[in-house]
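Me: I'd like to go through this one with you, question by question. Could you take a look and tell me what you make of it?

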Amino acid sequence: MGLLDGLAGQVLGSLSGAGGAQQGGALGAIMNMIAQQPGGLQGLIDAFERNGLGGVAASWVGNGANLPVSAEQLQSVLGSDQLGSLAAALGFSPQDASAQLAEALPQVVDKLTPQGAVPDEATFGSLLASFGKG
């Protein structure tokens, strides 16, 4: 079992609401969104910092409690184009996709950074490849 298979199980097990298949699709779409972000996971963290939400993103990477993020905050960081693409991938409205992302993203980033640090691009690429095989 690869690291991202374990990540998927942990994140899906901790999310409430939608069924497992829908959650699995959401996790795949979130991982794809992170992979397509310029700079990968670090680029996503940097985008939060540029938009005044560096402390929120840092809480997801760090070993303490994860601070929440709202759908509106995600809109300011990611923009409507990126959220629209995520919504289309999930088959959700942009509002529903933002709400699901606001719930899941802190957990996904937290699980991708178990040592309290963002993995380098090569390690992250390996994680994504493992996820694709799962």
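Me: Over residues 14–21, how many contacts beyond four places in sequence does the model have?
Reply: Bear in mind that this is a predicted model. Confidence is poor here, with pLDDT under 50 all the way over residues 14–21. For that stretch, the contacts beyond four places in sequence come to nine.

Me: Which helix has the highest confidence?
Reply: Taken over the protein, the mean pLDDT is 80, and 75% of the residues reach 70 or more. The low end is helix H1, residues 3–14, with a mean of 48. Residues 1–7 have pLDDT below 50, though the model still gives this stretch 13 contacts beyond near neighbours in sequence. At the other end, with a mean of 96, sits H4.

Me: How many strands are there in the secondary structure?
Reply: Reading from the N terminus, the elements go α-α-α-α-α-α-α. That makes seven helices, and the number of strands is zero.

Me: Is H4 mostly covered or mostly open, and how many of its residues are buried?
Reply: For the protein, 40% of the 134 residues count as buried. H4 is mostly covered, and the buried residues there are Gly 54, Val 56, Ala 57, Ser 59, Trp 60 and Val 61. Their cover includes H3 and H6. Out of eight residues in H4, the buried ones number six.

Me: Which helix gives the largest share of the largest nonpolar core?
Reply: That core has 35 residues, and Ile 34, Phe 48, Trp 60, Leu 74, Leu 78, Leu 101 and Leu 105 have the most contacts inside it. Two or more residues come from each of helix H2 (20–36), helix H3 (40–50), helix H4 (54–61), helix H5 (71–90) and helix H6 (94–112). The largest share is eight residues, and it comes from H6.

Me: Leaving aside neighbours within four places in sequence, what is Leu 101 in contact with?
Reply: Leu 101 is among the residues with the most contacts inside the largest nonpolar core. Once neighbours within four places are set aside, its partners are Ile 30, Met 33, Leu 74, Leu 78, Leu 83, Leu 86 and Pro 106.

Me: What percentage of contacts between residues at least 6 apart in sequence join residues at least 24 apart?
Reply: Here the count takes in contacts between residues at least 6 apart. Of those, the part joining residues at least 24 apart is 68%.

Me: And how much of the exposed area do carbon and sulfur atoms supply?
Reply: The protein exposes about 6400 Å². The carbon and sulfur part of that is 52%.

Conventions
Residues are numbered from 1 along each chain as its sequence is written. This is a predicted model: local features need pLDDT of at least 70, side-chain atom pairs count only at pLDDT 80 or more; totals for chains, interfaces and linings use all residues. Side-chain values use heavy atoms; hydrogens and water are left out. A nonpolar core is a set of buried Ala, Val, Leu, Ile, Met, Phe, Trp, Tyr and Cys residues joined through side-chain atoms within 4.5 Å. Buried means under 20% relative accessible area, exposed over 50%, partly exposed in between (1.4 Å probe, protein chains only). Helices (H or I, at least four residues) and strands (E, at least two) are DSSP runs, numbered from the N terminus. Contact means heavy atoms within 4.5 Å. pLDDT is the predictor's confidence in each residue, from 0 to 100. Accessible areas come from the Shrake-Rupley method with a 1.4 Å probe; for residues, only the protein chains shown count as cover.
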